[in-house]
Every structure is written in C-alpha cells, then in structure tokens.
Amino acid sequence: MQSDRLLSVYSSNIQIALRGCAFLAGFGFAMTGAAQAETLVTGPSPFALCTADDVANQPGTVYPNAEVEPWVDANPANPANLIAGWQQDRWSDGGARGDLAGYSFDGGATWVTSVPPGITKCTGGPFERASDPWVTISPNGTAYFNSLAFQNNEQPCNTGGDNAILVNKSTNGGVTWGAPISIVTDTDGRLFNDKNSMTADPVSNAHVYAVWDKLIDFTVPSSCTSSTARVANASRNGDGVANARDRLRKLRSGGPINPATIFTGPTFFSRTTDGGATWEPEKMIFDPGSNAQTINNLIAVQPNGTVIDFFTHLLNNGSVKLGMVKSNDRGAHFGPLSHAFGMVVTNTGTLTPDAREPVRDANILFDVAVDRENGNLYVVWQDGSLGNVDRVHFSMSTNGGNSWSPSIKINATPASKSKYREQAFIPSVEVGANHRVFVTYYDFRNDTSNGQELTDYWAISCDPAAGANCRMKSAWGNEKRLTSNSFDMLDAPVARGHFLGDYQGLVNAGGTVKAVFGKAVSDNVNDMFATTVP
C-alpha cells in the first residue's frame, strides 16, 4: 500500500514535468547550426519531490537533472515509434534515482517521458537505485525495458546490497509500462548482477534474450546476506564498470591477485519464449574462471537465427579480448568460447585535453551491430594501440564471427599538437539502409585552451553498396557533426570521471539511422538529444 501511495503521489509530479516536456517539444526545442538539428528528449527530473529513497542518508553525491546513458530502439511494426531509456538523477558512486523512458511517434521530432514503475522507491518500487537502462522491441511492437536495480551498500561486512535484473513491458509504444518482472534477484552480499542488456528476436514475437555478468566476490564472508546497517564502501557499490577497470589495473600491476580465487564474473542468460509472460531461470553460459570476468554482454541475432553473445573478456593475466559464445537453438544451449580479437585497453581511458580530468567513457567496452540481410557483424571499441591514445577501432566478420578483419582506426579526428585532442570515445555502430554502416563517437577536436574542455559528437559511415570496403580505413568518410554546438565536458557530473554514459543510443528506424546521445548543458546537468544521422 505504501508503494501504491508513493507511485500515486509521484505520478502526479511526473505528469506535471511531462506536460512541460511536451510543451517544449511542441516548439521543437531544436538548435541548428553547422550540424544536424537536435531535438531535446528529456525534461525536468520527476524525482525532485521524492523523499522515499532517503537521499540525505545515502553515501555519494546525487546530481538532480543529470540524465546519462541513453539507449534507443525503433518499433519494427511502426518505425516512427522510437523508445529510449536513460538513468535519471545519477549518483556519483553508482546508479541513479531511477531509470526513465521516452517515446516518440514522429521519428524523434518530439518526445514525451514515461515511467517504468516499480523499480526504485521514487517509482513505487523497493530499490534505492537503478542503472543500465536498455530498451528492445519485438516485431509486433511489444517493448521491453530492462533495468539493474539495487540497494546501495546496505549489507554488513562492507558489501553491496540486494540487487535484481528487472523488465517492464509496454504494448502501446512506450506510453505506459506494466509492473516489473524480476528475472533474477540476489540477496547474497557476495553477488552483484551487472551490465545487463536485452535483445528481442527480430523474427519471433515470443523470444527475447537477456544477458549480464554476475560478479562474485569471494573475499566477502558467506554470512553477509542481510542487514539494515548501512556501510559506505566505494569499492563495492553498484558501479560494475568502474570496479572492473580497477580490477584490471590491479591485475596488470601485479596487485592483490594471488593463486586463490578472489573474484569471478561469469555470463548469465535468461530468455522468454512466451512474449514476456514468464522468464526462464538464469543460467550460466560462460565461466571465465578464477580472477577473471566478462562484462558488456550484448546479444546479436543473425538472419539464420543464430544467437551470439558478445562480451569483453578480462583475463586473469590482465589482457582484454572480445569473446563470444553462440546458440543455434534460440538460446536453449550455447557453445564454447571463441575469441574474435584482442582489445588494447589503456589504463587511464579518456582524459580531458587541458585539465587532464578523467572521462567516464567506453574503455573496456564495445558496441556490435548485425546486418539483418547478409549477416555481416560489425564491432567498434576504444583502442589504445596507436600511441596509447584512445581512438575508435573497427573490425568486421562476414562468416558469423568465425574470422575477423584486422583492427583499423576509423574516427576522423584530426591530428593535433596535443594527443589529448586526438582522443575519440564512446563509439556506437549501426547498419542503415542498403548495408551502409554508421559509427558515432565523441571527441575534443574543437577544444581550445580557454578553461573549458569543448566536446562534440560525430558520425562517420562506410557505404558497401557504393563499392566501399569497410575493412579499409580509406572507406570511412562522410563525417557529420551531430552536436550543433560544442559543450564543456567539465560540466558533466563526476561518477568515476565526467559521465555521459557507458554507451549512447543508435538505431535503424525503417532504414533511417537515429541517434540519442547525451550532452552536458550546465554544471552537473546532462540532457539527452535526438537527431537523424545523415
């Protein structure tokens, strides 16, 4: 009953905020300039009046109106219907006050926010924080919103709190969402589910695939399973990516990793075969072994129905590889591990050009896309093989991942006297009409030494239909600026670095590629914007 009352109270506040969003959207709220016009996706935080999550007594700093980490999908039954998800009111030490959704029925020209209910306390749910929003849409238009939800540091022994992988469903284009179903909930303080994603089968309305890594910390006593005591410990909060980078640096430096098993991070999988009515019990589909883990598990489905789970494989010797396991029976069984290629991951990730402040980027992560007609697979990631500077690298496979083209750097960031202005980060990849491949990324090329760290978002493409060989660096061109004005990265909230999101949204909507991406618009405030990628 308490959660019902909370949802009712906050839903009225949310609707006020949504009316404001709709009003702005009606005027377009688009900025034009040397680049594509942008449309504002997000609006004022609906959580401004929420007290249910007891912000004052949680560790870390919360950033009201900081919207980060967008994902987007297009409705196959109506490509003008786009649905995005993002973290709303990000915390400095992991997660946000809630995950929100936005929908558009005009191809992204206007947006309205909607609230997947029952996740965090501010949306009538039991959890303090949410993270890793993910949206996927089945061929019949049924949408699924996937979230990681957790209690922040509420266990004894300096462990994390209860956490769950949840999914809400919408049958009206994202306007409203049903109550969440828990795919898995863990109350053992040694376990933390992380970096979830979800993929609807492109030819089956019944099948949707969920995948994530489960971090298991064997340094935590098994008795640490429940408590009301709050313990602030930054090394075991809901920020799995930051913690994975810390572990990787320790592995490379010969840090506190010994022959004993201190941690592991296997890949877990679940699926629905009845259109989201039920979800199969979680199962481990890859075990990386002692003091190693996976992260950033992403499912790609090929035209022949093969389900491939791609993941970053952090090995116990400090190396990083793109791993993959395949299923030929829609996820009922998965085959053995294969490695596509090695990833050269820098220890620092992206740093701002002048102040050298860290940027929370896609270091150790990647994005993957599949051509739904010919099955070609494309992967992009940050790679430091050229002078230990993070740049966007690309590889492709034309045989279902059995072999891969050599890694090439494809971002068009110009050379600079400062290597920090040559960095490119947080890449995304998508396949548009006629097999054309699009990649987006941020860089600092327009930065000057003026006290700001000016940042822009770009798109580049390769057109095989015009005879381009995407394996060649020379095939990549037609670069377009997607930000109509540069923004100051120093304005982005700090969450283990200035944070826009571990990923950004990019989707093929009926042959037209749409991007949803973040920009810092004022001190500690990010907004999400949408545009068409030309």
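In what order do the four strands of the open sheet stand? The order is β21-β22-β23-β24, with antiparallel pairing. The model shown in every view is predicted.

**View 1. An open sheet of four strands, β21-β22-β23-β24.**
Strand β21 covers residues 366–370. β21 and β24 stand at the edges of the sheet. Each has a single partner strand, so one side of each is left without a neighbour in the sheet. β21 pairs with β22, residues 377–383, in the antiparallel sense. Five bridges join β21 and β22. Across this pairing, A369 stands opposite Y378 of β22.

**View 2. W71 and W134, a stacked aromatic pair.**
The structure holds 21 aromatic pairs. In the pair of W71 and W134, the ring centres are 3.8 Å apart. The planes meet at 20°, so the pair counts as stacked; the cut-off for stacking is under 30 degrees. W71 belongs to strand β3, residues 67–75. W134 belongs to strand β7, residues 129–137. The pair thus links distant parts of the chain, 63 residues apart. W71 and W134 are both buried.

**View 3. F341 and W404, an edge-to-face pair.**
Here the ring centres are 5.8 Å apart, and the planes are at 80°. F341 sits in strand β19, residues 338–342. W404 sits in the loop between β23 (391–397) and β24 (408–409). The pair ties together parts that are 63 residues apart in sequence, because one ring is in β19 and the other in that loop. Are F341 and W404 buried or exposed? Both F341 and W404 are buried.

**View 4. An aromatic cluster, and two charges over rings.**
Ring pairs join F425, Y442, F444, Y457, F487 and F517 into a cluster. R445 lies over the face of W458, 3.7 Å from the ring centre. K519 places its charged end over the ring of F529, at 4.9 Å from the centre of that ring.

**View 5. The largest cavity, about 160 Å³ in volume.**
The structure holds three cavities of 30 Å³ or more. The largest cavity is lined by 20 residues. Which of these lie nearest its centre? They are N296, F366, D367, D502 and Y503. At least two lining residues come from each of β11 (191–200), β16 (293–301), β21, β22 and β25 (424–431). By class, the lining has 11 nonpolar, six polar and three charged residues.

**View 6. The largest pocket, about 1000 Å³ in volume.**
The largest pocket is lined by 42 residues. Closest to its centre are D73, V370, R372, E430 and V507. Two or more lining residues come from each of β3, β7, β11, β16, β21, β25 and β31 (505–509). Which element gives the largest share of this lining? Strand β3 does, with five residues. The lining has 25 nonpolar, 11 polar and six charged residues by class.

**View 7. Strand β21 in three settings.**
β21 is an edge strand of the open sheet. β21 also supplies at least two residues to the lining of the largest cavity. The lining of the largest pocket takes two or more residues from β21 as well.

Notes
Residues are numbered from 1 along each chain as its sequence is written. This is a predicted model: local features need pLDDT of at least 70, side-chain atom pairs count only at pLDDT 80 or more; totals for chains, interfaces and linings use all residues. Side-chain values use heavy atoms; hydrogens and water are left out. Rings of Phe, Tyr and Trp (its six-membered ring) pair if their centres lie within 6.5 Å; planes under 30 degrees apart count as stacked, over 60 as edge-to-face and the rest as tilted. Buried means under 20% relative accessible area, exposed over 50%, partly exposed in between (1.4 Å probe, protein chains only). A charge sits over a ring if NZ of Lys or CZ of Arg is within 6 Å of the ring centre and within 35 degrees of the ring normal. Two strands pair if DSSP finds at least two bridges between them. On a 1 Å grid over the protein atoms alone, a cavity is a set of points where a 1.4 Å probe fits but cannot get out, and a pocket is an open set with protein on both sides within 12 Å along at least five of seven lines; lining residues have an atom within 4 Å of a point. Grid points are joined across faces, edges and corners, and a volume is the space filled by probe spheres set on the points. Ala, Val, Leu, Ile, Met, Phe, Trp, Tyr, Cys and Pro count as nonpolar, Asp, Glu, Lys and Arg as charged, and the others, Gly among them, as polar.
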